[in-house]
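User: I am new to this structure. Please take me through the ligand site and the reasoning behind each label.

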Amino acid sequence: MKIVHRLLLVLTLLAPVALSADNGSNLWLPAAEQTAETTLEIAATEVAVTGRSVDFALNEQLPEEGFVIRSKGAGVRIEGGSERALLYGAYRLVRDWKAGRTAATYAVSESPKYDLRILNHWDNLNGTIERGYAGHSIFWEGGLSRPELWRQYGRANASVGINGTVLNNVNASPQVLDAEHLKRVQEIAAVLRPYGMRVYLSINFSSPAVLGGLENSDPLNRKVQRWWREKVKEIYRLIPDFGGFLVKANSEGQPGPQDFGRTHAEGANMLADALKPFGGVVMWRAFVYNPTEPDRAKQAYDEFMPLDGQFRDNVIVQVKNGPVDFQPREPFTPLFGAMRKTPVMAELQITQEYLGFSNHLVYQAPLYSEFLHADTYAEGAGSTVARATDGSLYGHPLSAIAGVANVGLDANWCGHHFAQANWYCFGRLAWDYELTPEEIAREWLAQTFSHEEEFLAEASQMMLRSREACVEYMMPLGLHHLFAWGHHYGPEPWCAVPGARPDWLPSYYHKADTEGIGFDRSSTGSGATAQYSEPLRSLYDNVATCPDNLLLWFHHVGWDHRMQSGQTLWEQLCRSYEHGLLEVAEMCTTWERLKPYVDAERHAHVAERLAIQFSDAIWWKDGCLLYFQTFSRRPFPADVSPAVHRLEELKKIRLNMTHHN
Ligand code: GCV
């Protein structure tokens with residue numbers, strides 16, 4: 001894209017010469033040579049940096065992953081329900097030390113809110129990563145063994161309490177279960193084990209036929225069941241603490257039980273039965289939609305609600321936070337709270353598929369937190385998504401949360417230095433969703449860059465505002481999926497591809513016409529509002545009470561509609577895009593001011609990406625407003641800056657994705 005290149009050129013000319021070099025490879029952690037091998041040795045080695053003398057003791061009265069830290073003379077004592085818990089206690093001390101908030105005395109007691117806190121890697125066996133923007137796979141690229149890198153990865157995860165990882169893409173190759181790949185999985189598991197991490201695999205439902213040569217993969221076929229039992233035994237011989245399977249079935253062309261006229265429950269239960277003797281779990285995804293359904297947002301609920309109660313107790317249904325697909329803002333998926341007899345876990349997306357890849361600074365803790373604290377009202381007020389998934393609302397013994405990882409072989413792991421904060425905050429919120437996005441931003445900044453209060457105050461505000469800024473410059477007021485065809489980076493609300501699935505085109509979602517804009521999901525439209533509990537159902541259903549920030553998600557609204565703010569819809573739409581753009585401009589100037597606190601290498605790297613984000617925000621604003629203006633036929637309000645681009649010019653943009661990927 002021309003404007004990006006021009007900006008990059010200017011920036012390269014202005015960029016200061018790097019004075020000190022920090023490539024971000026240490027993440028938020030102290031640099032450390034680790035030679036320790038057992039969990040306890042690692043814990044003891046890690047705390048050395050704090051200069052305190054630390055005693056470790058197992059205490060079986062504590063929850064398995066819980067720890068307490070108490071001052072003991074000049075030192076501290078950490079007690080934990082397991083060795084892993086002691087390691088988490090050790091990392092609590094390291095975090096405090098690195099963030100510069102060392103307490104004189106300690107009286108701390110912690111245990112995680114979710115049992116399974118898992119990263120999902122969409123890594124392909126050929127080393128590429130689906131929706132990955134930070135280089136190729138740390139597990140599979142080049143077929144190489146990378147134990148030192150895996151160790152650092154395990155350390156980073158343990159430091160924020162992440163205790164599991166799915167090593168391959170949910171669009172899974174059957175080959176992951178062949179002898180050669182299982183050997184690699186065994187190797188990775190051995191490196192991650194002392195860090196308290198279990199490995200899991202995504203499986204392809206057709207594996208018995210494709211890999212095993214059976215005539216089909218029907219879950220009720222005895223031979224198929226036997227094949228899975230044998231495969232699971234083979235896996236546990238190699239990896240005794242293997243976590244289980246993640247499954248994407250009958251979704252976006254993946255095979256599944258419905259190919260044989262069976263239900264999701266029958267498919268999941270077959271795998272669950274094979275895993276049960278070994279303590280493994282099945283995470284069965286509810287990300288299903290097909291082009292014949294008039295409202296994609298309704299389908300997961302429609303398909304899975306009738307199955308509630310039919311799943312084995314080691315199955316957990318994995319549901320994306322929103323009913324469409326990781327958009328900058330969505331309401332929560334109505335399955336949360338509604339499925340009572342089956343444990344349900346949230347899938348969040350850490351990699352920024354819809355948030356500007358690794359070019360945009362978008363801190364996601366506000367998004368995750370907004371979602372986890374959303375009230376489903378399923379059992380009356382206070383039935384938050386968090387409580388519906390952590391086991392407390394329905395008493396399910398199994399609780400979990402997953403995040404789609406943003407990690408690759410890039411030196412700084414995540415592409416953008418600030419994208420590390422999204423990995424970090426996922427772990428911290430999975431541990432304790434009561435932590436505020438601000439607390440997490442400050443502790444991450446302090447560990448990653450500088451403890452100085454002036455820096456923390458400004459940089460944390462910049463991070464906290466970045467998610468709303470992204471919503472505003474991309475898709476405000478409940479708009480969603482305005483992304484370009486073939487990638488999800490820039491805007492293409494006009495996109496028309498002859499013969500394409502309608503639910504893969506932006507016009508399916510925005511439905512702009514001369515009357516107005518938005519998807520009518522109310523009782524006069526698709527009826528998706530009926531999937532929510534009262535009083536949300538009525539609140540969303542009524543155009544007068546639906547919150548402005550979700551209005552166009554639930555309603556088709558006239559251009560002159562009076563918003564709760566008193567402006568017309570068209571005016572507010574224009575001003576939202578403008579405001580998003582101004583927010584990014586301010587992020588650029590804030591970052592310039594923060595230069596004295598940040599090493600030159602990382603400062604320049606982030607500044608360069610902020611410039612791209614700024615030009616992209618202009619692209620989004622002009623592309624969306626000029627296009628929607630062809631329907632609204634209204635001028636921009638006087639306080640909104642005129643378009644920089646012409647619509648016809650923007651329509652010609654074809655991104656060279658290698659630039660952004
Ligand atoms: C892994 C979206 C993404 C796909 C992804 C899919 C899923 O459609 O664009 O890349 O596939 O979600 O979550 O299964």
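User: Which residues come nearest to the ligand?

Analyst: This is a predicted model. The ligand has 15 residues around it, and Glu130, Lys248, Arg285, Lys320 and Glu353 come nearest. A residue counts here if one of its heavy atoms lies within 4 Å.

User: What makes the shell residues charged, polar or nonpolar?

Analyst: Asp, Glu, Lys and Arg count as charged. The shell has eight charged residues, three polar and four nonpolar.

User: Why is the pair between Arg131 and the ligand called a polar contact?

Analyst: The cut-off is 3.5 Å between N or O atoms. A polar side-chain atom of Arg131 is 2.8 Å from a ligand oxygen, so the pair qualifies. Glu252 qualifies too, with a side-chain N or O atom 2.8 Å from a ligand oxygen. For Asn171 the distance is 3.2 Å, also within the limit.

User: How much of the ligand does the protein cover?

Analyst: On its own, the ligand has 340 Å² of accessible area, and the protein covers 97% of that.

User: Where does the ligand sit?

Analyst: In the largest pocket.

User: How do you know which parts to trust?

Analyst: The protein chain has a mean pLDDT of 95, and 96% of its residues reach 70 or more. Residues 1-19 fall below 50. Where pLDDT is low, the predicted coordinates should not be read in detail.

Note on methods: Residues numbered from 1 in each chain as written. Predicted model: local features only at pLDDT ≥ 70, side-chain atom pairs only at ≥ 80, totals over all residues. Heavy atoms only, no water. pLDDT = per-residue confidence, 0-100. Contact = heavy atoms within 4.5 Å. Polar contact = N/O pair within 3.5 Å; in protein donor to acceptor, adjacent residues only side chain to side chain. Areas by Shrake-Rupley, 256 points an atom, 1.4 Å probe, with all protein chains shown as cover. 1 Å grid on protein atoms, 1.4 Å probe; cavity = no way out; pocket = protein on both sides within 12 Å on 5 of 7 lines; lining within 4 Å. Sits in = over half its atoms within 2 Å of the grid points.
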